Amino acid sequence: MIFSRKGRLRMEYNERLLHSIEAVRAEWLTKKELIENSLEPSEQVLYEVKLAKAKYFFLLREAKIRNLRTRSF
């Protein structure tokens, strides 16, 4: 009984991780597009793009450690 709960929790957190990856990826690409379309991006916007990119790659690394696979990445 304990082991089934552990597996269920692992699946739940893996699903949360995949949803987080999708959300952070969308945020990063949106901000990246904003930078590409702007003439003089501010320091704050450049910082936010770097932060979103770092979050995305951190989550991808975590998914790789957990051996998760999806079609989107």
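**Exercise 1.** Is Phe-58 buried, partly exposed or exposed?

*Solution.* Remember that this is a predicted model.
- Step 1. Find the residue: Phe-58 sits in helix H2, which covers residues 43–65.
- Step 2. Read its relative accessible area, which is 47%.
- Step 3. Apply the cut-offs: buried is under 20%, exposed is over 50%, and partly exposed lies in between.
- Step 4. Conclude: Phe-58 is partly exposed, because its relative accessible area is 47%.

**Exercise 2.** Find how far Phe-58 is from Glu-36, in sequence and in space.

*Solution.*
- Step 1. Count along the chain: Phe-58 and Glu-36 are 22 residues apart.
- Step 2. Go from C-alpha to C-alpha: the two residues are 23 Å apart in space.

**Exercise 3.** Decide whether the chain is spread out or a compact globule.

*Solution.*
- Step 1. List the elements: the chain has two helices and zero strands.
- Step 2. Take the radius of gyration, 16 Å.
- Step 3. Set this against the globule rule, which gives 11 Å for 73 residues.
- Step 4. Conclude: 16 Å is well over 11 Å, so the chain is more spread out than a compact globule.
- Step 5. Add the box: along the principal axes, the C-alpha atoms fill roughly 60 × 25 × 15 Å.

**Exercise 4.** Describe the largest nonpolar core.

*Solution.*
- Step 1. Start with burial in general: 19% of the 73 residues count as buried.
- Step 2. Size the core: it has 13 residues.
- Step 3. Name the members that touch the most others: Leu-17, Ile-21, Trp-28, Tyr-56, Leu-59, Ala-63 and Leu-68.
- Step 4. Trace the source: helix H1 (2–37) and H2 each supply at least two residues of this core.
- Step 5. Recall the background: in soluble globular proteins, nonpolar side chains tend to be buried together.

**Exercise 5.** Compare the settings of Asn-14 and Asn-67.

*Solution.*
- Step 1. Place them: Asn-14 lies in helix H1, while Asn-67 is in the segment after H2.
- Step 2. Check accessibility: Asn-14 is buried at 14%, whereas Asn-67 is exposed at 59%.
- Step 3. Look for partners of Asn-14: leaving out residues up to four places away in sequence, Asn-14 touches Arg-66 and Leu-68.
- Step 4. Check the backbone of Asn-67: its phi is positive, about 60 degrees, although Asn-67 is not a glycine.

**Exercise 6.** State how many charged side chains of each sign the chain has, and how far apart the centres of the two sets lie.

*Solution.*
- Step 1. Count by sign: there are 16 positive and 10 negative side chains.
- Step 2. Take the two centres: they lie 12 Å apart.

Notes:
Residues numbered from 1 in each chain as written. Predicted model: local features only at pLDDT ≥ 70, side-chain atom pairs only at ≥ 80, totals over all residues. Heavy atoms only, no water. Helix = DSSP H or I, 4+ residues; strand = E, 2+ residues; numbered from the N terminus. Buried < 20%, exposed > 50% of the residue type's maximum accessible area, 1.4 Å probe, protein only. Rg over C-alpha atoms; globule rule 2.2 N^0.38 Å. Lys, Arg positive; Asp, Glu negative; His and termini not counted. Charge placed at Lys NZ, Arg CZ, Asp CG, Glu CD. Core = buried A, V, L, I, M, F, W, Y, C linked by side-chain atoms within 4.5 Å. Contact = heavy atoms within 4.5 Å.
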